[in-house]
Amino acid sequence: MGLGGHTNEMFRLLSGIDRNIYKPRTYAIASTDAMSSKKLLQFEQECTNDINVSIIERSRHVGQNYFTSIFTTIWAFFTVIPLVYRIRPKVILINGPGTCIPIIIASLLLALLFIIKRPKIVFVESICRVQTLSLTGKILCYLPVNILVQWPQLTEKYPKTQYIGRLV
Amino acid sequence: MVQERVLNELKNLNIKHLLLQVGDSDLIDFPLNGSILNDVYIEYYKFKDSLDSDIDKADLIVSHAGAGSILQCLEAKKRLLVVVNETLMNNHQLEIAEEMEKQGYLFYCTCSTLQTTLKKFQQHQFRAYERGNPTLFGRYVNQIMLDN
């Protein structure tokens, strides 16, 4: 989950998921983000028994410079390892705020060490991205992650991405 | 929005009521709430929790370039003018407004072209916007869970 647009887009995406199949669900919300928690309770009000919420450190604050974000990302990465180990996710859905890269790296690393089974990972690029991928999207192109974009022209520039229609 | 030339343009579009969300804007030189200028009734408020009912009642919406606002207005099937911040020119945050205009769903402009762009709404028919389909996403996730 993340600020404003990302959270809204994520709830729109999740409205297309069969929540009777995909449970329990764990939501990772940044420690600085009260808004998402509020929206989450509203979205999941009928299935609060199926959800967990984990508050995690943001790897990069809006506007933070790229150099210091390397260190905050590494720190965030160490804090999410126990979380991923405990949850052992089968599938991880992400859409790009600063909280998601550490979770992905931690999951892939634990899988590489045969500590957990490698989860399926789906990243959905924001509808705002028409011509170029976000930094998160660009990084994820190098990892075993399924990347969905919402404008077909992006698939020509980034062959690893897929367009299956406008989703939000 | 409340400049005389803009209000005149609204009048030409047969718009008689201008409702503004002004946020924390500086309201120096702003007309009084409830005043009528150039035959347009002007009303404003700072913030509201939900703009749904105001959007519902509108004939034409002037919005910023945030994806959430754009989608909300198009899904409500409203005529939409997106005003982009000139200092963000060539910024990726404008991509969505540009692309949506290219697809025929809305017009976008900057503050300096607001009035001339409003003229384009005369007898213009926008392409109907189909909302995105999250069930495609649900099906995709089901599919990859089956793959090994």
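This passage walks through a predicted model of two chains, A and B.

A good place to start is the overall build of chain B. This chain contains six helices and six strands. Read from the N terminus, its elements follow the order α-β-β-β-α-β-α-β-α-β-α-α. Along the principal axes, the C-alpha atoms of chain B fill a box of roughly 65 × 30 × 30 Å. Of its 148 residues, 21% count as buried. Among the contacts in chain B with a separation of 6 or more, 57% are made by residues 24 or more positions apart.

The N-terminal part of chain B opens with helix H1, residues 4-12, in which Leu7(B), Glu9(B) and Leu10(B) are buried. Viewed down the helix axis, these buried residues fall within an arc of 155 degrees, so they line one face of H1(B). The other side of H1(B) carries the exposed residues Glu4(B), Arg5(B) and Asn12(B). Inward, the buried residues of H1(B) pack against E1, E2, E3 and helix H5 (114-119) of chain B. After the helix comes Asn14(B), with a positive phi near 65 degrees.

The three strands just named can be looked at together. They form an open sheet with the order E1-E3-E2 (chain B) and mixed pairing. Strand E1 (17-21) and strand E2 (36-37) are at the edges, each with a single partner strand, so one side of each has no neighbour in the sheet. Between E1(B) and strand E3 (residues 40-45) of chain B, five bridges form a parallel pairing. One pair to look for in the model is Gln21(B) with its bridge partner in E3(B), Tyr45(B).

Further along chain B, helix H2 covers residues 52-57 and includes Asp56(B). A cut-off of 12 or fewer neighbours marks a residue as exposed, and Asp56(B) counts as exposed because it has 9 C-beta neighbours inside 10 Å. Helix H3 (residues 67-75) of chain B has Ala67(B), Ile70(B), Leu71(B), Cys73(B) and Leu74(B) as buried residues. These lie within an arc of 165 degrees when seen down the axis of H3(B), so they too line one face of their helix. Just past H3(B), Lys77(B) adopts a positive phi of about 60 degrees. Lys77(B) can also be related back to H2(B): 21 residues separate Asp56(B) and Lys77(B) along the chain, and their C-alpha atoms are 9.1 Å apart.

Attention now turns to the nonpolar interior. The largest nonpolar core has 53 residues, and those with the most contacts inside it are Ile104(A), Ile70(B), Val82(B), Ile96(B) and Leu106(B). Helix H4 (residues 100-112) of chain A makes the greatest contribution to this core, giving six residues. Another core, of five residues, lies apart from it and includes Leu7(B), Leu10(B), Val40(B) and Ile42(B). Leu7(B) and Leu10(B) were met above as buried residues of H1(B). Within the largest core, Ile96(B) is a helpful residue to follow, as its contacts reach both chains. Leaving aside residues up to four places away in sequence, Ile96(B) touches Ile127(A), Cys128(A) and Val130(A), together with Ala65(B), Ala67(B) and Ile70(B).

The contact between the chains takes 27 residues from chain A and 19 residues from chain B. On the chain A side, the elements giving two or more residues are helix H1 (4-14), strand E4 (120-124) and strand E5 (146-149). H1(A) supplies the largest share, five residues. By type, this side of chain A divides into 12 nonpolar, 10 polar and five charged residues.

Strand E4(A) also has partners within its own chain. Four of its five residues are buried, so E4(A) is largely enclosed by the rest of the structure. Strand E3 (residues 91-94) of chain A pairs with E4(A) in the parallel sense over four bridges, and Ile92(A) stands opposite Ile121(A) in E4(A). E4(A) and E5(A) also run parallel, joined by three bridges. In this pairing, Phe123(A) has Ile147(A) of E5(A) as its bridge partner.

Finally, the UniProt record, in an unreviewed entry, places the feature "transmembrane region" at residues 66-85 and 91-116 of chain A. In the model, residues 66-85 of chain A are 100% helix and 0% strand, with end C-alpha atoms 28 Å apart.

How values were computed. Residues numbered from 1 in each chain as written. Chains lettered and ligands numbered in written order. Predicted model: local features only at pLDDT ≥ 70, side-chain atom pairs only at ≥ 80, totals over all residues. Core = buried A, V, L, I, M, F, W, Y, C linked by C-beta atoms within 7 Å. Buried ≥ 20, exposed ≤ 12 C-beta atoms within 10 Å, placed from the backbone. Contact = placed C-beta atoms within 7 Å. UniProt positions renumbered as here; feature names shortened; annotations may be inferred. Nonpolar A, V, L, I, M, F, W, Y, C, P; charged D, E, K, R; others polar. Arc of directions from axis to C-beta. Pairing = 2+ DSSP bridges.
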